[in-house]
Amino acid sequence: MESKNATIYDVAHAAGVSMATVSRVVNGNPNVRPETREKVMKVIKELNYYPNVIARGLASKRTRYIGVLLPDITNPYYSSLALGIDDIATMYEYNIILANAHPYHDNEGIESLLMKQVDGIIYIGSSISNEARTRVKNSGRPIVFTDLIDPIREMPTVNIDIEEAYYEVTKGFIQAGKKRIALVGHNASFNNKLGRQLIGYRKAIEEANQEVQEELLIAVPHANYQAGYDLYEQIVAIKADAAILTDDTLAIGLLNALQDNGLSVPDDISLMASNNSDIVKMARPMLSSIAPPIYDIGAVAMRILTKLIENQEVPQSMNLPYTIQTAGTN
């Protein structure tokens, strides 16, 4: 038997059962005799029947779909996060819809996911616009952040203690005798006064009785390889002897630019990446990096979201442990 658009009625008719019985089989209801379940499943496979998830959601108030909004799906950090999210989603029988959102147009990404009737959203990003926040709040859908700590404490966050991590790295450079430590980040979050990277950096600098020099704070328009490569002249002009980069692709771009122009890393300048994604290990010399448990952050965020969907209490924020991986660039 073949059918391109088989319906629940077609399955019921072919199996000789009621549509209610087919529905119980599809939804895993235990109140179906084994032989009946086997017969219905056989017909489902023969007809290539796929349940209409949205229609089922109208009855159950859920679609079993989760929206994941991320700035750049090609970035290895975000893809690793998504893997952790997807594994736990599968465990709890949810499906994932990915949406790529420009940091300055996040409301469009939120709107796209809400139009797909998702049960909840995981927001991967360092900032959220007031428009996007209002849209999510009005929709009644639960949301979990993985990079952003909500300043008004309405929405839960899963990450590492970023402020402490950047403080630790900056302090380490100072103790190693570095005098001009640059901090490089994407301007969507870097210019935010609540930026935790900047807070940790400033704390270490001021604790050493030094002044934070604005020329060493570099905001780039895009967090990608080319933006990092293009930093070469600016880094040389400000005579930085160390640089902390908030994105691994930025770090690799700068590393290659420095070496292409004859500078030695770490002899001339030390570098520290921030996510310890797989590409960090591919660089030569291998990049030193803050090492958050990327997969675990995604997995925990998804588990928290399932609890929110079930109206269970969850912590406002959860910081997972991190390490500092010292390699060949410092």
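In the next few minutes I will go through a sheet, a pair of helices and some backbone details of this structure. Please keep in mind throughout that this is a predicted model.

Let me start with the sheet, which is open and has six strands in the order S7-S6-S8-S9-S10-S12, with mixed pairing. The edges are formed by S7 and by strand S12, residues 323-325, each of which pairs on one side only. If direction is ignored, neighbouring strands of this sheet are turned by 20 degrees against each other on average. Within the sheet, strand S6, residues 181-186, and strand S8, residues 242-245, run parallel and are joined by four bridges, and here Val-184 stands opposite Leu-245 in S8.

Two helices on this sheet deserve a mention. H10 packs on the sheet and touches S6, S7 and S8, with its direction making about 170 degrees with that of S6. H13, in turn, lies across S6, S7, S8, S9 and S10, and runs at about 160 degrees to S9.

Now to the helix pair, H6, residues 106-115, and H7, residues 130-139, whose axes come within 8 Å and cross at roughly 20 degrees. Angles under 35 degrees count as roughly parallel, and H6 and H7 are therefore roughly parallel to each other. The crossing in which H6 passes H7 is left-handed. Which residues meet there? From H6 they are Asp-106, Asn-107, Ile-110, Glu-111 and Leu-114, and from H7 they are Glu-131, Ala-132, Arg-135, Val-136 and Ser-139. By character, the residues of this contact of H6 with H7 divide into four nonpolar, two polar and four charged.

That leaves the backbone details. As a general background, most residues other than glycine have a negative phi, and most peptide bonds are trans.

The peptide bond from Val-265 to Pro-266 is cis, with omega near 15 degrees, and Pro-266 sits in the loop between helix H13 and strand S9. Likewise cis is the peptide bond from Arg-284 to Pro-285, where omega is near 0 degrees, and Pro-285 belongs to the loop between helix H14, residues 278-282, and strand S10, residues 288-291.

As for phi, Asn-209 has a positive value of about 60 degrees although it is not a glycine, and its place is the loop between helix H10 and strand S7. Is Asn-209 buried or exposed? Its relative accessibility is 73%, so Asn-209 counts as exposed. Asn-311 also has a positive phi of about 60 degrees without being a glycine; Asn-311 is found in the loop between helix H15 and strand S11, and is exposed, with a relative accessible area of 70%.

Note on methods:
Residues are numbered from 1 along each chain as its sequence is written. This is a predicted model: local features need pLDDT of at least 70, side-chain atom pairs count only at pLDDT 80 or more; totals for chains, interfaces and linings use all residues. Side-chain values use heavy atoms; hydrogens and water are left out. Axes are lines fitted to C-alpha atoms, for helices over the stretch in contact, and angles run from 0 to 180 degrees between N-to-C directions. Angles under 35 degrees count as roughly parallel, over 145 as roughly antiparallel, 65 to 115 as roughly perpendicular and the rest as oblique. A crossing is left-handed if the near helix is turned anticlockwise from the far one by less than a right angle, and right-handed if clockwise. Contact means heavy atoms within 4.5 Å. Ala, Val, Leu, Ile, Met, Phe, Trp, Tyr, Cys and Pro count as nonpolar, Asp, Glu, Lys and Arg as charged, and the others, Gly among them, as polar. Buried means under 20% relative accessible area, exposed over 50%, partly exposed in between (1.4 Å probe, protein chains only). Two strands pair if DSSP finds at least two bridges between them.
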